[in-house]
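Student: Could you go through this structure with me before I start using it?
Tutor: Gladly; here it is.
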Amino acid sequence: MKSKISFLFILFFLCLSFHEVSSHIYPQEIKLIGKAEPGGVLIGEAKNIKSVLLDGDEIGFDERGYFLVGFDRDAKGTHTIRVIFNDGESEIKKITLAKRKYVIQRLKIAEKYVTPPSSELPRIEEEAERMKEARKKIGIIDTAFYASGFVRPVEGGRITSIFGSQRILNGVPKSPHNGIDFAVDEGTPVLAAADGIVTIAGNNFYYNGNFVLLDHGQGLNTVYLHMSKLNVQTGTKVKKGEIIGWVGSTGRATGSHLHWGAQWFTKRIDPMVLLNLKF
Ligand SMILES: [Zn+2]
């Protein structure tokens, strides 16, 4: 009888210690920063990652264990991030998006930019095609350049239009404003908001004017529109805070300003959330 009891005790402690050991060898912890909201991003960090899935689809991660998910302007509901570790175990985070309201903004701009003249349509189509081709490169780089953190792309300047605003141009409802507008003087330096690679540096586009699209890795990208002059070319590697061009009013612009936009693949992201990330 006595030996049976001690056997049970030993078994009990063995179980305890095994449990202890396994949880120490594999610390399956997922750290998430950011805000779960429409237009928001969440940056994750974990060790020993084998794969990461958002709602069942694999997403990128780098050797430091960083990964990123973004939620579109109109995203809603509950989403699942699943990290599968090298030992085959997995951990799940359920993300329920907060609700978000957007303002309505009425603007008067030159009529040719609301309804472009038919003579400009081939050019607009060709530029859209070039943009589409450039965007195909987004998501190829798994390095989390965004881990450099973000800075405001211009110093000073009033914000004249925020992300997500429902726009009514000359009385005609148009697609929502996909970025932030900073009213700043022509010639103000435009800075790379984070480390990245120039996916496309375009000149004289009908809508964008002179612009730069930066790839920050794992699908996250930012655009800088209407510049007077560019300081980089397609393929240039940039560091956070580096001058990529100067503010102007080229393309569809009512005056000198910087339009700063962000996307995670095709999901529209509020650039302001990038500035609010605490790494
Ligand atoms: Zn804008």
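Tutor: We can take confidence, then the domains, then one sheet.

Student: OK, what's the average pLDDT of the protein?
Tutor: This is a predicted model, and its pLDDT averages 90 over the protein, with 90% of the residues scoring at least 70.

Student: And where does pLDDT stay under 50?
Tutor: That happens over residues 10–26, a stretch for which the model has four contacts beyond four places in sequence. Where pLDDT is low, the predicted coordinates should not be read in detail.

Student: Switching to domains: which residues does each one cover?
Tutor: Domain 1 covers 23–96 and domain 2 covers 104–275, and their centres, taken over C-alpha atoms, are separated by 28 Å.

Student: How many residues from each domain go into the contact?
Tutor: Domain 1 contributes 16 residues and domain 2 contributes 18 residues. On the side of domain 1 that touches domain 2, the largest share, four residues, is supplied by strand 5, residues 66–70, and by class that side has six nonpolar, five polar and five charged residues.

Student: Now the sheet with strands 8, 10 and 11: open or closed?
Tutor: The three strands form an open sheet in the order 8-10-11, with mixed pairing. At its edges are strand 8 (104–107) and strand 11 (172–173), each of which pairs on one side only.

Student: Strand 8 and strand 10, then: parallel or antiparallel?
Tutor: Strand 8 pairs with strand 10, residues 166–169, in the parallel sense over four bridges.

Student: And which residue in strand 10 is opposite glutamine 105?
Tutor: Glutamine 105 has arginine 167 of strand 10 opposite to it.

Methods: Residues numbered from 1 in each chain as written. Predicted model: local features only at pLDDT ≥ 70, side-chain atom pairs only at ≥ 80, totals over all residues. Pairing = 2+ DSSP bridges. Helix = DSSP H or I, 4+ residues; strand = E, 2+ residues; numbered from the N terminus. Domains from an automatic or database assignment. Contact = placed C-beta atoms within 7 Å. Nonpolar A, V, L, I, M, F, W, Y, C, P; charged D, E, K, R; others polar. pLDDT = per-residue confidence, 0-100.
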